[in-house]
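This report goes through a protein model part by part, from local backbone features to sheets and ring contacts. The sequence and structure come first.

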Amino acid sequence: MFQGALPPGSFGAVPQSIFEQAKRSGADLPLRRVIYGLMEIPAVITQWFETQGWQVHPHQQAMVARADAPAVLLIAPTGGGKTMAGFLPTLSDLAETPHQGLHTLYVSPLKALAADIKRNLRRPVEEIGLPIRIEDRTGDTSATRKRRQRADPPHILLTTPESLALLTSYEDAPRMFAGLKRVIVDEIHALSESKRGDQLFLALSRLQELRPDLRRVGLSATVDDPAAIAHLLARHPDPCEILTADPGPAPDISMLETEEAPPWSGGGAKYAVPAVLEQVKQHKTTLIFHNTRAQAEIFFHNLWLANEDALPIGIHHGSLDRVQRERVERAMVRGDLRAIVCTGSLDLGIDWGDVDLVIQIGAPKNVKRLVQRIGRANHRYNAPSKALLVPANRFEVVECVAALDAVRAGDLDGEPRGRGPRDVLCQHILITAAAGPFDADQLYARFRTVGAYSDLTRAEYDACLDFCATGGYALRAYDKWQRLLQRADGLWQLRDPRSARHIRMNIGTIQDTDTLKVRLKRARGGKPLGEIEEGFAASLSQGDTFLIGGEIVRYEGLNQMTVEVTRRADKKPKIATFMGTKFATSTQLSDRILRMFQQPSWPELPPHTADWLALQRDLSRLPEPGRLLVESFPHDGRENTVVYGFAGRNAMQTLGLLLSKRLEEEGLAPLGFVATDYATLIWGLDQVPDPAPLFDIDALRAGLDMWLAGNAVMKRTFRASATIAGLIERNTPSARKTGRQATFSSDILYDTLLKYDPDHLMMQITREEAMRGLVDFGRIEEMAARTAGRIDHVRPGRITPLAAPLFLEPGRVPIKGLAEERLLAEEAEKLLADAGITEQIVKPVWRVPY
Amino acid sequence: MNSHSFTFSGAALTALPSGALWWAQRGLLCVSDLHLGKSERIARRGGTHLPPYETQDTLDRLAADLDATSAKTVICLGDSFDDLGAAEALPESARLQITRLQAGRRWYWIEGNHDPGPVALGGAHLAELPLGPLLFRHIAEPGSQGEISGHYHPKVHLRTRAKTVTRPAFLMDRDRLILPAYGTYTGGLASHDPVLDALFGPDALAILTGRQALAVAMPRGSSRPAASKSGA
């Protein structure tokens with residue numbers, strides 16, 4: 001962290017506009033600028049900086065000067081000494097004024113980050129001899145230590161949104177937070193994009209209620225819309241100042257040149273392995289980023305096969321066993337590794353030592369995230385970061401070139417997040433009840449101080465409260481078994497105090513897919529390797545092989561919900577599917593790509609990619625901004641239709657749902673679809689004769705409500721929201737072990753609500769969430785207006801160059817319709833024939849009845 | 001016809017796509033594991049408030065099967081109620097509906113592990129019921145013949161050429177027949193689970209429920225985990 005401070009004499013020019021007033025926050029108040037008393041950094045701290053040969057950055061100084069502001073958002077590039085800037089006011093205060101109990105709470109999205117900061121913060125504190133106790137508290141902290149922290153909190157507590165939410169659910173929270181003065185939210189740009197952020201800001205409102213003078217600090221990487229984050233950070237409608245640090249020199253970024261051309265499709269980038277190895281050799285430490293865990297596994301495997309010099313290279317992603325990950329992290333910090341193949345698990349600001357090159361395998365999908373990843377290289381503030389983009393296939397060459405243009409133009413992308421989701425609100429009401437009796441009016445007033453919920457209506461709030469108390473069902477109430485009861489004095493409390501335990505166990509907004517642990521098969525339980533998705537495990541038969549942690553293992557069987565494997569692998573591996581974050585290509589990038597397609601030739605693209613686009617133009621055509629290209633062709637025993645809508649992943653997903661619904665109605669037996677930012681691929685048993693009528697916008701609009709009711713995406717959304725809101729309890733591993741007939745699919749709950757109570761709060765939330773995350777119908781209307789019925793239907797007879805990558809896209813949505821019945825009938829016939837059963841009759845066996 | 005007819009222990013039976021078993025010769029309809037009152041029981045025990053509509057939904061589907069078959073005899077094969085308390089706490093509308101369904105029919109409640117005692121509703125309460133060549137009981141017992149039971153909520157994962165399809169299913173061989181769970185809030189145990197695998201001989205069949213009752217060889221292989229979604 002401290003290496004972020006500048007060596008003497010290397011000050012860049014300080015921009016005059018270092019202080020920007022938040023435009024959005026406090027919109028209903030006149031903008032005001034408050035002059036705060038200037039706090040100075042105590043001499044003991046500046047002296048320590050000097051002994052390190054460092055000077056304080058201007059933005060670090062500015063943060064200390066702003067120590068009394070109710071909320072400050074600092075935007076600084078990676079390596080800008082951002083975290084130190086966040087802690088300097090705390091250290092300065094504690095150095096001069098002794099403090100009893102908790103002084104500063106630090107929240108970060110990663111457990112590892114909390115541990116990392118603890119290490120880095122303790123050094124100056126110890127060397128200066130400040131009387132400051134620093135501890136972290138995450139899911140990994142022992143129960144004993146957690147108990148002790150509640151009774152006797154440290155001065156600085158480093159934690160995660162989930163652990164903080166849990167802390168606020170205890171009855172003794174007021175005592176624990178009694179002395180709290182400051183809260184620091186690190187990597188706030190990452191948190192503000194998810195429900196973890198909503199959860200965090202709700203918890204902050206509780207802390208602010210306990211400590212009205214609480215100061216909030218947000219630390220963010222470079223983003224497109226700082227005011228939106230400021231609005232989330234500040235106590236609404238308080239102002240939030242935004243400080244922007246000197247962004248430093250422009251990054252040195254280019255596309256990796258390889259002798260071999262990238263393939264037409266696929267995500268492995270195997271072709272680039274020799275060139276990547278060469279780069280690793282030329283640099284000290286290289287981070288090799290991948291967009292998915294599966295791709296990271298494959299690439300790591302291929303890298304090792306080609307690693308003749310046996311360079312020390314590690315792999316790090318969220319599905320690997322924790323022990324394995326920590327080993328890699330330690331080796332990295334010691335500087336023992338020349339490269340790490342990784343995913344988003346290394347996206348955030350942990351200090352990994354001397355990284356001097358970042359390689360991004362696969363198109364970056366999002367310019368903002370790319371810029372943040374590039375910042376991982378070279379933690380020295382004044383040196384440019386060096387990064388290379390490696391497209392995995394030829395479509396990605398186009399995406400990479402477009403992304404490079406965008407980075408050079410400083411054109412960051414972002415989508416506004418919208419209102420706070422009410423499932424998180426329901427969870428917070430339950431957390432509040434677990435902490436003790438509460439007043440409904442006061443809680444409503446508190447919710448309105450949270451940026452994301454500042455326009456929450458009373459009716460919306462009351463519906464959430466009713467849901468938490470009675471279930472909120474229209475036709476039958478749980479009068480007798482209410483979860484929350486209103487007492488005679490008007491306060492609400494849990495009916496059964498023991499339910500607080502259930503509530504605490506369900507805290508969180510992260511959706512874990514059901515995963516199974518993978519272990520080497522040994523007499524006494526072998527080495528844990530990591531986890532795979534249960535659905536993938538179900539597809540394995542004994543002898544099948546897959547990749548995990550870079551090795552090919554052979555599936556031997558299941559033992560107590562653990563996948564047992566051996567290293568006796570000699571086959572080509574199947575690919576493990578991991579549920580990782582899947583990035584969507586931003587709208588800006590999509591637009592850039594579409595514009596690029598219109599050029600007569602592509603001198604800025606490598607010849608192989610230019611040739612490929614030309615081939616697409618020959619075999620079919622290239623998508624145009626004012627027209628809609630539709631291709632139909634048979635492939636892999638199915639009939640495929642590809643719509644190049646370029647409307648963004650969510651809208652293309654919606655289009656897939658609507659179109660497949662229309663095809664089902666017309667008896668064309670669609671089996672499923674998959675959407676990317678630029679296209680939707682639908683496959684089925686029959687050919688689509690004429691697609692033009694399918695795109696009639698009125699028909700699509702009419703179909704919207706119908707499919708909203710019955711499709712798989714809605715059920716998936718329902719499951720996530722119902723779990724967060726506390727309608728469904730999280731599956732604990734022990735519950736899964738006890739046998740399956742006791743649990744049933746959340747789809748059944750969705751179907752039941754749809755039939756009997758379609759306007760129930762959970763159904764409203766599901767619709768809102770789907771509209772927000774997955775529907776984006778506005779962009780379909782935009783696409784329809786843009787293309788205005790100008791549809792080009794091409795039947796190339798086989799898969800086309802542009803369509804090929806779609807067949808490897810994850811996130812396929814199955815359709816349960818007529819096609820399923822037809823397949824079942826086929827399969828039943830085949831199975832019976834295979835089993836030698838020609839008649840579906842079991843021979844009678846005579847028995848004497850009792 | 002969407003149902004699947006077969007002969008079992010000398011009785012001509014029909015598996016209905018709903019998961020009910022129809023014995024035409026005797027005018028008898030058999031359903032298993034209704035789990036009425038499940039949402040109430042979960043809330044009573046301090047759990048979550050699931051949509052309290054499953055009892056009505058289950059009874060509506062049963063009414064439709066009774067209408068379609070004009071059954072004269074009904075056997076509920078155990079776990080008809082999620083527990084005895086749930087039977088007592090049934091809403092008035094559900095009691096009335098059960099009474100209406102029982103009118104003019106012989107009705108047997110077989111005891112299950114969830115509902116081991118008599119309930120204050122019409123119909124006879126039995127531990128098990130032999131009828132002609134068949135024996136109706138809740139949980140299958142080793143060495144039985146002509147046995148019809150429930151309890152396990154069997155379901156089947158079937159790999160087709162395009163995807164794996166999961167359905168509740170009847171399982172049977174020449175000695176025993178196990179019914180799928182009929183209740184709305186019920187999950188299932190995969191046919192390849194060792195417990196079910198051990199109960200059936202090599203020639204066992206599965207009859208899938210859904211739009212159409214479909215017979216296939218019972219998917220086996222105890223080395224594979226269930227690929228089910230689960231919740232609640």
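## Backbone features

His151(B) is placed in the loop between β10 (147–149) and β11 (154–159) of chain B. The model is a predicted one. Although His151(B) is not a glycine, its phi is positive, at about 75 degrees. His151(B) has a relative accessibility of 15% and therefore counts as buried. The loop between β10 and β11 of chain B also holds His153(B). His153(B), not a glycine either, has a positive phi of about 50 degrees. With a relative accessibility of 4%, His153(B) counts as buried.

In chain A, the peptide bond that joins His236(A) and Pro237(A) is cis, with omega about 0 degrees. Pro237(A) belongs to the loop between α10 (226–233) and β8 (241–244) of chain A.

## Chain A overall

Chain A has 850 residues, and buried residues make up 58% of them. Its secondary structure comprises 30 helices and 27 strands. Among contacts in chain A with a separation of 6 or more, 74% are between residues 24 or more positions apart. The accessible surface of chain A is about 34100 Å², and carbon and sulfur atoms account for 52% of that area.

## The parallel sheet of chain A

In chain A, 6 strands form an open sheet with parallel pairing, in the order β9-β14-β13-β10-β12-β11. Its edge strands, each of which pairs on one side only, are β9 (252–255) and β11 (313–316) of chain A. On average, and with direction ignored, neighbouring strands in this sheet are turned by 20 degrees against each other.

The edge strand β9(A) pairs with strand β14 (residues 386–390) of chain A in the parallel sense, over 4 bridges. Within that part of the sheet, Met255(A) has Leu389(A) in β14(A) as its bridge partner. Helix α12 (residues 293–306) of chain A lies across four strands of chain A, namely β10 (286–289), β11, β12 (339–342) and β13 (357–361). The helix runs at about 170 degrees to β11(A).

## The mixed sheet of chain B

Chain B has an open sheet of 7 strands in the order β1-β2-β3-β4-β5-β6-β7, and the pairing in this sheet is mixed. The strands at the edges are β1 (4–8) and β7 (124–126) of chain B, each pairing on one side only. Neighbouring strands of this chain B sheet are turned against each other by 25 degrees on average, direction ignored.

Strands β4 (residues 28–31) and β5 (residues 73–76) of chain B pair in the parallel sense, with 4 bridges. Here Val31(B) stands opposite Cys76(B) of β5(B). Helix α2 (residues 54–69) of chain B packs on the sheet and touches β3 (21–23), β4, β5 and β6 (106–110) of chain B. Its direction makes about 160 degrees with that of β4(B).

## Aromatic pairs

Over all chains, the structure holds 18 aromatic pairs. One of them is the stacked pair of Phe395(A) and Tyr678(A), at 3.9 Å centre to centre with 15 degrees between the planes. Phe395(A) lies in helix α15 (residues 394–408) of chain A, and Tyr678(A) lies in the loop between β24 (670–675) and β25 (680–684) of chain A, so their pairing ties together parts 283 residues apart in sequence. Phe395(A) counts as buried at 2% relative accessibility, and Tyr678(A) is also buried, with a relative accessible area of 8%.

In chain B, Trp107(B) and Trp109(B) form a tilted aromatic pair, 5.7 Å centre to centre with 55 degrees between the planes. Trp107(B) counts as buried at 6% relative accessibility, and Trp109(B) is buried with a relative accessible area of 4%. Back in chain A, ring pairs link Phe395(A) and Tyr678(A) with Phe597(A), Trp612(A) and Phe646(A) into a cluster.

## Charges over rings

Arg150(A) lies over the face of Tyr170(A), 3.6 Å from the ring centre. In chain B, the charged end of Arg61(B) sits over the ring of Tyr182(B), at 4.9 Å from its centre.

Methods:
Residues are numbered from 1 along each chain as its sequence is written. Chains are lettered from A and ligands numbered from 1 in the order in which they are written. This is a predicted model: local features need pLDDT of at least 70, side-chain atom pairs count only at pLDDT 80 or more; totals for chains, interfaces and linings use all residues. Side-chain values use heavy atoms; hydrogens and water are left out. Two strands pair if DSSP finds at least two bridges between them. Helices (H or I, at least four residues) and strands (E, at least two) are DSSP runs, numbered from the N terminus. Axes are lines fitted to C-alpha atoms, for helices over the stretch in contact, and angles run from 0 to 180 degrees between N-to-C directions. Contact means heavy atoms within 4.5 Å. Rings of Phe, Tyr and Trp (its six-membered ring) pair if their centres lie within 6.5 Å; planes under 30 degrees apart count as stacked, over 60 as edge-to-face and the rest as tilted. Buried means under 20% relative accessible area, exposed over 50%, partly exposed in between (1.4 Å probe, protein chains only). A charge sits over a ring if NZ of Lys or CZ of Arg is within 6 Å of the ring centre and within 35 degrees of the ring normal. Accessible areas come from the Shrake-Rupley method with a 1.4 Å probe; for residues, only the protein chains shown count as cover.
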